[in-house]
Amino acid sequence: MNTQFDYKRIETGLSYLISSLLSIAVALIISSFILLGQGKDPLQAFSLIFQGGIGDMAAFGASLVRACPLMLAALGIAFAFKAGIYNIGAEGQIYLGAMFATWVGILPLGLPKIIHLPLAILTGMAAGASWAFIPAYLKVKKGFNEVIMTILLNYIGVYFVNASVHSYLQEPNGYYPQTSKVLETATLPKLMANSELHAGILLGLIGAVILYVILQKTDFGYQLRCVGSNPEASRTSGMNAKLTLIAAMLVSGAFAGLAGASEVLGYQHLLLENFSPNTGYDAISVALLGRLNPIGVVIAAIFIGVLRTGANTMQIMMGVPVTIVYIIQAIIILCVLAFTNWKLDLSRFFERGAKDANSKLANRS
Amino acid sequence: MQILSLLIEADFWAATLRLTTPLLLAALGGVFSERAGINNMGLDGAMLMGAFFGYIGALFTQNAFLGFVCAAISGALIMLLLGFMSINVKVNQIVTALGTNMLALGVTSTAFRMIFGNDLAQLTSPGLVPVNFGSLSKIPFLGKVLFGQTPIVYLAIILVPISHYIMYNTHWGLKIRATGEHPKAVDTVGIDVYKVRYVSLIISGILCGLGGAAVTLTGINTFYDNITAGRGFIAVAAVVFGKWSPVGASLATLLFGAGEAFQLRLQGLGFDIPYAYFYMLPYIVTMISLIFFMGPSKGPAATGQPYIKSGSKAKRKKVSRAGLKPEVKS
């Protein structure tokens, strides 16, 4: 095997890990100054976040429930970003996916679970993918900026779902703007007895492995990475960049749709107005924190899930506003970006070490 | 018919101008930064900062004008951070802007809770009051539309020709446009590309901050989480829609403002459909007009690309190393 290549991979992995940890450290330091300014003990705050997020199995289960939609949506976003298309539209795609999954889930089809559940999930994925197809088509065929289009489509999608929950999808004779409960045959199974943890997290893990294999081991993945890093060169070398971009966006939308579907079928069991605000935008930071790498995204999503769940505990116990998590998250993103650019160049460090050793040897002789 | 008659009401046009103002200010800011080569998705964060610090400033000084000053400063500060990340550190500008937007959301909502506690008691600050034009406001239609607005509306309108003049008729405007199109050429004639980009970003931040304060300090005079609700992104769309020119971008924001005023009026008519459809309207109007009436357009050539100075440290090092090292093998 090519050992040189493996070394390099370990090296980049290591430098990613170190810079991620450094970013988290910087974020924690800055936020402890904010906490100190408010007269709160930062150490107590962070230990409460830790206890509330990962302290026992029930807390960790709650964190994983939080992490699940973030993970699924971020996997899709990372895939699109890898291809060089900025899918900011996960928010709308999540809502559409959730709505259509719920719609199939509440239909009394009389199907067994083994058909009904996958049908609901696939419908949700298809809805997310179709919502992502609009900006992808507009970008590839007409040259419209995908960032603006996906943002506009987010608002349209969210309001569309909210309007549906208020009208034809509303539970019959119900008062609140919500759908009826998803049928037993369409819910995702629970994984733990005393927690809300559902099988959606397994979908996330399987999805991450599949995306990793696609990106690293298939021709399509190679093509996608080429198009992302140098569209002009890949076009001239005969790759179909346009098709690749559309495919990347469809996969991305499908994962966002899956995120919405699993949130409803696994956790909330019915669709509410604004059922999952800002998840699509948060997932972008998860994707970046995970360095657009499927395995990294899984770790980052769990980290953010723990942070969010733990911050609730902190708010209850100490009265520190939970929104401080946004500041921590933003600082982490900015630091991750900065550290990636000032590359922690371990290879040079190793090389220099080797050179020093060599020159010492040379001097001695 | 009832719907169409809305369009000739003076109230509708007055509301259109009022709702356009925040977008107009932010879009002008967007034009400045994009023309200098910074792909500015951070308008929304700067607006949010302006909305919050405008409110806080007005509340603590009990003076709406000082509120606007605070708003401008806070907008400029977050743009400086965006500038540092995209000009000096040279990271992807779209992604950085997402980071600064989230920072703005975190800072404003956390500071709001820290100042007012978790019960979110609503204190109203002093706000701008409509300018009194005396008998001018009694002119049948125009009086209500043009002569009953708050000062910030007039400031925004005046800024359109001023920005146009700066952009196309002054030395600075030329510098900004050239930096966005061909930074290399600008650098060669001895103009500091970084400085031009920083100055444009500060202008952009000030305008966005004012735009944000125009959301909070012209009527509601209070603040809640994410009050700007993505208006900054609409402003970005308007910049593209208006082909990166101050006048074009302003007209585009007018379209969106009219869409928003229209949906507010429609809600008042009491149709029996969910109100979310009305909220959707301005976004659909923007999207459809972008797709069908505008077509894709190309921005300034160097937008989104960090500029690496030819005299920068890294390069100099490389050059000197290549020059000084004696070549052993020929």
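**Close-ups of a two-chain model**

**View 1. Just past helix 11 of chain A sits A:R291, whose phi is positive, near 55°.** Helices here (H or I, at least four residues) and strands (E, at least two) are DSSP runs, numbered from the N terminus. This is a predicted model, in which local features need pLDDT of at least 70 and side-chain atom pairs count only at pLDDT 80 or more, while totals for chains, interfaces and linings use all residues. Residues are numbered from 1 along each chain as its sequence is written, chains are lettered from A and ligands numbered from 1 in the order in which they are written, and side-chain values use heavy atoms, with hydrogens and water left out.

As for helix 11 of chain A itself, ten of its eleven residues are buried, so the rest of the structure largely encloses it. "Buried" means under 20% relative accessible area, "exposed" over 50%, and "partly exposed" in between (1.4 Å probe, protein chains only). Among the buried ones are A:T279, A:D282, A:I284 and A:L288.

**View 2. How sure is the predictor about chain A?** The score to look at is pLDDT, the predictor's confidence in each residue, from 0 to 100. Chain A averages 87, and 92% of its residues reach 70 or more. Among its elements, helix 4 (residues 90-106) of chain A comes out highest with a mean of 96, and helix 14 (residues 346-364) of chain A lowest with 58. Where pLDDT is low, the predicted coordinates should not be read in detail.

**View 3. A:F81 is one of the best-connected members of the largest nonpolar core.** A nonpolar core is a set of buried Ala, Val, Leu, Ile, Met, Phe, Trp, Tyr and Cys residues joined through side-chain atoms within 4.5 Å. The largest one holds 198 residues, and A:F81, A:L265 and A:M314 touch the most other members. Contact, more generally, means heavy atoms within 4.5 Å. Setting aside neighbours within four places in sequence, A:F81 is in contact with A:Y86, A:N87, A:I88, A:I284, A:L288, A:L292 and, over on the other chain, B:V95. Apart from the largest core lies another, of nine residues, including B:A15, B:L19, B:L266 and B:F278.

**View 4. Here chain A meets chain B, with 48 residues from chain A and 44 residues from chain B.** About 3,900 Å² is buried between the two chains, and carbon and sulfur atoms give 82% of that. Buried area is the accessible area (1.4 Å probe) that two parts lose on being put together, summed over both. Look for A:L152, A:Y159 and A:L334, which supply 15% of the area that chain A buries against chain B, more than any other three residues. Zero salt bridges are counted between chain A and chain B, but six residue pairs (both at pLDDT 80 or more) are in polar contact across the interface. For that, a pair of N or O atoms must be within 3.5 Å; within protein, one must be able to donate a hydrogen and the other to accept it, and residues adjacent in sequence count only if both atoms are side-chain atoms. Which elements give two or more residues to chain A's side of the contact? They are helix 5 (113-142), helix 6 (146-166), helix 11 (279-289) and helix 13 (324-341) of chain A. Helix 6 of chain A gives the most, with 13 residues.

**View 5. A:I327 sits in helix 13 of chain A.** With a relative accessible area of 5%, A:I327 is buried. Beyond its neighbours within four places in sequence, A:I327 is in contact with A:I34, B:L103, B:G106, B:V107 and B:T110.

**View 6. A:K113 and A:E184 meet side chain to side chain in a salt bridge (3.8 Å, N to O).** A:K113 belongs to helix 5 of chain A and A:E184 to the loop between helix 6 and helix 7 (200-217) of chain A, so the pair ties together parts 71 residues apart in sequence. A salt bridge is a side-chain nitrogen of Lys or Arg within 4 Å of a carboxyl oxygen of Asp or Glu, and the whole structure has eight over all chains. A:K113 is partly exposed at 31% relative accessibility, whereas A:E184 is exposed at 57%.

**View 7. In chain B, the side chains of B:R113 and B:D225 form a salt bridge (2.8 Å, N to O).** This pair links distant parts of the chain, 112 residues apart: B:R113 is in helix 5 (residues 93-116) of chain B, and B:D225 is in the loop between helix 10 (193-216) and helix 11 (231-241) of chain B. Is each partner buried or partly exposed? B:R113 counts as buried at 15% relative accessibility, while B:D225 is partly exposed at 31%.
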